[in-house]
Amino acid sequence: MKKLSLTSQIAIALVLAIIVGILLRDYAGFVNEYIKPLGSIFLNMLKFIVVPLVLFSIMAGILSMDDVSKVGKLGLRALLYFMFTTVIAVTLGLGLSTLVKGFLPLIHVDTAGSAPEIEIPDITIMSQIVNMFPDNIMAPLSNMTMIQVIVIALFFGVAMVHSGEAGEPARKVTLSFNAVISKILSYIMALAPYGVFCMLTPVVVTNGPTVLGSYAALIALGYFCFCIHAVCVYASLVYLLGGMSPIKFFKEMHPAMLFAFSSDSSVATLPYTMECTEKMGVRKDIGNFVLSLGATINMDGVAIYLGVASVFMATCCGIDLTMHQYFAIAFASTVASIGTPGIPGGSLALMAMVFATAHIPVECVAIVAGVDRIVDMGRTVMSITGDASCAVVMNNKFNGQGTAPSPNCK
């Protein structure tokens, strides 16, 4: 038999996980004890390779560029792209949820009782900038603080280029390690279907189909916004600025999107996103740099959901949001999405900060947390898709193809 593609294998694993999860709902102990750990092992393998992958791929990308000044231009343009799509994302979330809030079945929220204590991070634009620069070279590597890993890679990569002949040994070692890490990554990716099955099955067993009950409106609204953003924003930018057919873009992104949905981690999906964009024709040095940056600071899915959840929970609490509160939510969501860890559940603490900014009871986070895992799957798909769209656009710009789409794009 012809060997199935990775996309088909992952899709089959998703379907089997749902079926097996429903059948084994009465055996949650068995699933959590014997199946879930296998999924955790696979996710740990991905996480352990992500830091060296980002570190060495960015340095190798800098070494392969003819002009080091392109690194700065590429980073600035990518940052502006991410900020632009994030602002649109949070505006979409706030706008659509406000339009339909009168038709949503709401959850009665009694905020008179004691609320669970949730630490609200003090996040500002300046604090985000300060946190980009590490005070210890080892801490970002061990803690997976990806934005600091990127900064370290930039400094070392540029320094190796500027060191000339003296930096040649370091250059050879870097390129050698990059090749070895790519080979390790191929071993891990071969296990993806099994990892997807073992990660998703416990989720189905724990939540079950009834989890969509009272939260169905919130989940449906969130995913509707995700689809609108992907179809209208990403597809348009890929076509107009990237010179690529949106159909081809989404077709090539299927493996990464499926894995992102099951793994619920944009960081863990990074290797798959890199492989998909390379198949689209994106230069490896541009793709690795943009995708590594995007996995850290581009969280459009989070921005959309923060807007949706804020309006939804405010309505449940009987709060009629003012224009000032809308602006506060938009600003806080944009800043918070940039600081969201690319791991499952990484947005809950920041959601508390957004709620507090808009004077929405912070205890509402505990209510939304009930379906956060389900919605987070869609948020992760949105985030990695946005990263890939930026890589396509940047590749088109830096390859000198202009801004108009190719007449023969397929």
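The following exercises, each with a worked solution, concern a predicted model.

Residues are numbered from 1 along each chain as its sequence is written, and side-chain values use heavy atoms, with hydrogens and water left out. Because the model is predicted, local features need pLDDT of at least 70 and side-chain atom pairs count only at pLDDT 80 or more, while totals for chains, interfaces and linings use all residues.

**Exercise 1. Overall make-up**

Determine how many helices and strands the protein chain has, and what share of its residues count as buried.

Solution. Begin with the elements, which are DSSP runs numbered from the N terminus: helices are H or I runs of at least four residues, and strands are E runs of at least two. The protein chain has 18 helices and zero strands. Next, apply the burial classes: buried means under 20% relative accessible area, exposed over 50%, and partly exposed in between, with a 1.4 Å probe and protein chains only. Of the 410 residues, 51% count as buried. Finally, consider contacts, that is, heavy atoms within 4.5 Å. Among contacts with a separation of 6 or more, 85% are between residues 24 or more positions apart.

**Exercise 2. The nonpolar core and Phe259**

Identify the residues with the most contacts inside the largest nonpolar core, and state what Phe259 touches.

Solution. A nonpolar core is a set of buried Ala, Val, Leu, Ile, Met, Phe, Trp, Tyr and Cys residues joined through side-chain atoms within 4.5 Å. The largest one has 117 residues, and those with the most contacts inside it are Met253, Phe259, Val290, Ile360 and Met394. Helix α2 (residues 28–64) gives the most to this core, with 14 residues. Now take Phe259: leaving out residues up to four places away in sequence, it touches Ile10, Phe42, Leu46, Val196, Met199, Asp264, Ala268, Thr269 and Tyr272. One of these, Thr269, is found in helix α12 (residues 266–279) and counts as buried at 0% relative accessibility. Beyond four places in sequence, Thr269 touches Ala256, Phe259, Ala260, Ser263 and Ile384. A further residue to compare with Phe259 is Pro193 in helix α8 (residues 192–207). Pro193 and Phe259 are 66 residues apart in sequence, and their C-alpha atoms are 8.7 Å apart in space.

**Exercise 3. Aromatic pairs**

State how many aromatic pairs a search of the whole structure finds, and classify the pair of Phe30 and Tyr34.

Solution. Rings of Phe, Tyr and Trp (its six-membered ring) pair if their centres lie within 6.5 Å; planes under 30 degrees apart count as stacked, over 60 as edge-to-face and the rest as tilted. The search finds seven aromatic pairs. Phe30 and Tyr34 are 5.3 Å apart, centre to centre, with 40° between the planes, so the pair is tilted. These two residues are four apart in helix α2 and are therefore separated by about one helical turn. Tyr81 and Phe82 form an edge-to-face pair, at 6.2 Å centre to centre and 80° between the planes. Both Tyr81 and Phe82 are buried. In addition, ring pairs link Phe42, Phe259 and Tyr272 into a cluster.

**Exercise 4. Ser389**

Decide whether Ser389 is buried or exposed, and find the polar contact between its side chain and that of Tyr81.

Solution. Ser389 lies in helix α18 (residues 372–398). Its relative accessibility is 0%, so Ser389 counts as buried. A polar contact is a pair of N or O atoms within 3.5 Å; within protein, one must be able to donate a hydrogen and the other to accept it, and residues adjacent in sequence count only if both atoms are side-chain atoms. The side chains of Ser389 and Tyr81 are joined by such a contact of 2.8 Å. Not counting residues up to four places away, Ser389 touches Tyr81, Tyr234, Val238 and Phe249.

**Exercise 5. Helix α14 and the loop after it**

Compare the expected span of α14 with the distance between its end C-alpha atoms, and locate Asp320.

Solution. The expected span is 1.5 Å times one less than the number of residues. For the 17 residues of α14 this gives 24 Å, and the end C-alpha atoms are 24 Å apart, which agrees. Of its 17 residues, 17 are buried. Just after α14, Gly318 takes a positive phi of about 75°. Asp320 is in the loop between α14 (300–316) and α15 (323–338). With a relative accessible area of 62%, Asp320 is exposed. Apart from neighbours within four places in sequence, Asp320 is in contact with Lys101 and Gln325. Thr322 lies in the loop between α14 and α15 and is partly exposed, at 40%.
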